[in-house]
Amino acid sequence: MLRPGDAAPPFSLPATGGREISLSDLKGWMVVLYFYPKDDTSGCTREAQDFDGLRDAFAACGTEVIGVSADSLASHDKFRTKYGLDLTLASDEARDALEAYGVWVEKSMYGRKYMGVERSTFLIDREGRIARVWRKVKVPGHAQEVLEAAQAL
């Protein structure tokens, strides 16, 4: 279980906009890495819209916001287009980053157990260390709370 002060696990993932995004490329920036279960579901849509709406405020405090799920890039592109989102979404179909950050977990719905993404957010400081962790995130107000934490660093 990752905690504040730990080195953030490195990642390199295909992202929207036809680019590859990696933690090492973001050295010197703060990074909000938010993990979400699935494109185009109600909670994930609201979360993406909230982070997207605060994009300029995050940029003003030197923070890059990246949403990560196991969905494909094609799914991400469709999701971004449908809701007019401009934030970066990364695809982790191999689940390497999801597992490294401990967010690929056993879940249960209606008595059925399955593996999936636990909605979680990591704020990574400019040196690549985890500054804050939010697990089992409730969407309302979350993006604003993360922004305030980034502004305080």
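**Figure 1. Surroundings of Y34 in the predicted model.** Y34 touches a broad set of residues beyond four places away in sequence. Among them are E47, A48 and F51. V65, I66, G67 and V68 also touch Y34. So do L87 and L89, together with S120 and T121. Y34 also belongs to the largest nonpolar core, where it ranks among the residues with the most contacts. The model is predicted. Its protein chain has a mean pLDDT of 95, and 100% of the residues reach 70 or more.

**Figure 2. The largest nonpolar core.** This core has 23 residues. Those with the most contacts inside it are V32, Y34, F51, F58, V65 and L87. Three elements give two or more residues to the core: β3, α1 and α5. The largest share comes from α5, with 5 residues. A second core is separate and has 22 residues. Its members include L2, L33, F35 and V117.

**Figure 3. T121 and its partner H142.** T121 sits in strand β8. Is T121 buried or exposed? T121 is buried, with a relative accessible area of 0%. Its side chain makes a polar contact with the side chain of H142, at 2.7 Å. Beyond four places in sequence, T121 is in contact with V32, L33 and Y34. E47 is another contact of T121. R132, V133, W134 and V137 are in contact with T121 as well. H142 and V146 complete the list for T121. Strand β8, residues 120-124, has the highest mean pLDDT among the elements of the chain, at 98. The lowest mean pLDDT, 86, belongs to strand β6, residues 104-109.

**Figure 4. The buried side of helix α5.** Six residues of α5 are named here as buried: H142, A143, V146, L147, A149 and A150. Why do they fall on the same side of α5? They cover an arc of only 160° around the axis, so they share one side of the helix. What covers the buried residues of α5? The cover includes β3, α1 and α2. It also includes β4 (63-69), β8 and β9. H142, one of the buried residues, is the residue whose side chain meets that of T121 in a polar contact.

**Figure 5. Salt bridges around R55.** R55 forms a salt bridge with D52, with the closest N and O atoms 2.7 Å apart. R55 is partly exposed, with a relative accessible area of 31%. D52 counts as buried because its relative accessibility is 12%, under the 20% cut-off. The side chains of R55 and D86 also meet in a salt bridge, at 3.6 Å from N to O. R55 lies in helix α2 (residues 55-60) and D86 in the loop between α3 and β5, so this pair ties together parts that are 31 residues apart in sequence. D86 counts as partly exposed, at 45% relative accessibility. Salt bridges with shared partners join D52, R55, R80 and D86 into one network.

**Figure 6. The K82–D40 salt bridge.** The structure holds 10 salt bridges. One of them joins the side chains of K82 and D40, at 3.0 Å from N to O. The pair links distant parts of the chain, 42 residues apart. K82 is in helix α3 (residues 73-83). D40 is in the loop between β3 (30-35) and α1 (42-53). K82 counts as exposed, at 52% relative accessibility. D40 counts as partly exposed, at 35%.

**Figure 7. Two residues with positive phi, R95 and K136**. Most residues other than glycine have a negative phi. R95 has a positive phi, near 65°. Where is R95 placed? R95 is in the loop between β5 (88-91) and α4 (96-100). R95 counts as partly exposed, at 30% relative accessibility. K136 has a positive phi of about 50°, although it is not a glycine. K136 is found in the loop between β9 (130-134) and α5 (142-152). K136 is exposed, with a relative accessible area of 60%.

Note on methods
Residues numbered from 1 in each chain as written. Predicted model: local features only at pLDDT ≥ 70, side-chain atom pairs only at ≥ 80, totals over all residues. Heavy atoms only, no water. pLDDT = per-residue confidence, 0-100. Helix = DSSP H or I, 4+ residues; strand = E, 2+ residues; numbered from the N terminus. Buried < 20%, exposed > 50% of the residue type's maximum accessible area, 1.4 Å probe, protein only. Salt bridge = Lys/Arg side-chain N within 4 Å of Asp/Glu carboxyl O. Core = buried A, V, L, I, M, F, W, Y, C linked by side-chain atoms within 4.5 Å. Contact = heavy atoms within 4.5 Å. Polar contact = N/O pair within 3.5 Å; in protein donor to acceptor, adjacent residues only side chain to side chain. Arc of directions from axis to C-beta.
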